[in-house]
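Me: I have a model open and would like a close look at one part of it. Could you walk me through the charged contacts there, and then through the surroundings?

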Amino acid sequence: MFRFPLLLILFFVGCFEYEETILFRKLSSGTVEIAYTVPLKKDSNDSLIKFLPTSKEEIISSVKKKSNNNLQVRDFTFRELEKSETTDMYFKRKGKVSYKLDFEDPLHLEGVLIGTFSIKSKPRSLTVKRDFPNLTDNAILDTSAGEKKIISEASRLLREGRIQFKVLFPKDSECSSNRGFIGLGNLTYQIPLQETLENQDSKTWEYKIRFF
């Protein structure tokens, strides 16, 4: 499953964007749309963030590795951002990736999406739980002094970064959630990245959709 590795913290300051939209068409099928912006290697279009690749082949391989299912990757796009689209002083090259995953059973998404994703289904409802690991003192005990200093500085600079999640479902459904904003047929939740680093109580998001 996708988790936040320590070195990913280096990219959270001003150069990382992640958006995820899950569309539940009905109880047992739907589509996930994923889009992210990542820093690129100096001499290639490869992502500097290992678990957020920039090639369709790597994405397909990763999805197949994480789940024994028939998830299909479609509508893949990749482009390198123009210099006018980024002002990051540390990472001059960035790429934007987007693609969709169609699923026939939401259980197939377990182990595939960022953080952790677990789901329980009943005849007319789905309950989804997402967990987002925090960076704690114990997590950096085995890193070098230099890495600890870099992580500390990145954490100090982190202010406005967010990860955006959106859930869409039939408008005649009923939704409840412990976090985020619920609208007609939609649920949105933004995670301030600073909270994932510092706040032990902010890492769990759970929502339930009842279908009629």
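With which residue does Arg74 form a salt bridge, and how far apart are the closest N and O atoms?

Reply: Happy to take you through it, and please keep in mind that this is a predicted model. Arg74 forms a salt bridge with Asp102, and their closest N and O atoms are 2.6 Å apart. Arg74 belongs to strand S3 and Asp102 to strand S4, so this pair ties together parts that lie 28 residues apart in sequence. Arg74 has a second partner in Asp75, where the closest N and O atoms are 2.8 Å apart.

How open is this spot? Arg74 has a relative accessible area of 28%, so it counts as partly exposed. Asp75 is partly exposed as well, with a value of 44%. Asp102, at 24% relative accessibility, is also partly exposed. These contacts belong to a wider arrangement: Arg74, Asp75, Lys100 and Asp102 are linked in a network of salt bridges.

Now let us step back to the sheet around this network. The strands S3 and S4 are part of an open sheet of seven strands, ordered S3-S4-S2-S1-S7-S10-S9, with mixed pairing. Strand S3, spanning 72–80, is one of the edge strands and pairs on one side only; the other edge strand is S9, at 181–183. From one strand to the next, the twist averages 10°.

Following the order inward from S3, strand S4 (residues 94–103) is joined to strand S2 (residues 29–39) by ten bridges, and these two run antiparallel. As an example, Val32 has Leu101 as its bridge partner in S4. Helix H1, made up of residues 56–66, lies across S2, S3 and S4 and runs at about 140° to S3.

The network you asked about is not the whole story of charged contacts, since the structure holds six salt bridges. Another of them is the contact between the side chains of Glu20 and Arg130, at 2.7 Å from N to O. Glu20 sits in strand S1 (residues 17–26) and Arg130 in strand S6 (residues 125–131), so their pairing ties together parts 110 residues apart in sequence. Here the setting is buried: Glu20 has a relative accessible area of 2%, and Arg130 comes out at 0%. Set beside them, Arg74 is partly exposed.

Strand S1 also takes us to the aromatic side chains. There are six aromatic pairs in total. In one of them, Tyr18 and Phe165 form a tilted pair, with 6.2 Å centre to centre and 55° between the planes. Tyr18 lies in strand S1 and Phe165 in strand S7 (residues 162–168), so this pair ties together parts 147 residues apart in sequence. Both rings are in buried residues: Tyr18 has 3% relative accessibility, and Phe165 has 1%.

A further tilted pair is formed by Tyr189 and Trp205, with 4.9 Å centre to centre and 50° between the planes. Tyr189 is in strand S10 (residues 186–192) and Trp205 in strand S11 (residues 204–210), so the two tie together parts 16 residues apart in sequence. Tyr189 and Trp205 are both buried. To join these pairs up, Tyr18, Tyr36, Phe165, Tyr189, Trp205 and Tyr207 form one aromatic cluster.

So, back on your screen, a good place to begin is Arg74 with its partner Asp102, and from there the network that also includes Asp75 and Lys100.

Technical notes:
Residues are numbered from 1 along each chain as its sequence is written. This is a predicted model: local features need pLDDT of at least 70, side-chain atom pairs count only at pLDDT 80 or more; totals for chains, interfaces and linings use all residues. Side-chain values use heavy atoms; hydrogens and water are left out. Two strands pair if DSSP finds at least two bridges between them. Helices (H or I, at least four residues) and strands (E, at least two) are DSSP runs, numbered from the N terminus. Axes are lines fitted to C-alpha atoms, for helices over the stretch in contact, and angles run from 0 to 180 degrees between N-to-C directions. Contact means heavy atoms within 4.5 Å. A salt bridge is a side-chain nitrogen of Lys or Arg within 4 Å of a carboxyl oxygen of Asp or Glu. Buried means under 20% relative accessible area, exposed over 50%, partly exposed in between (1.4 Å probe, protein chains only). Rings of Phe, Tyr and Trp (its six-membered ring) pair if their centres lie within 6.5 Å; planes under 30 degrees apart count as stacked, over 60 as edge-to-face and the rest as tilted.
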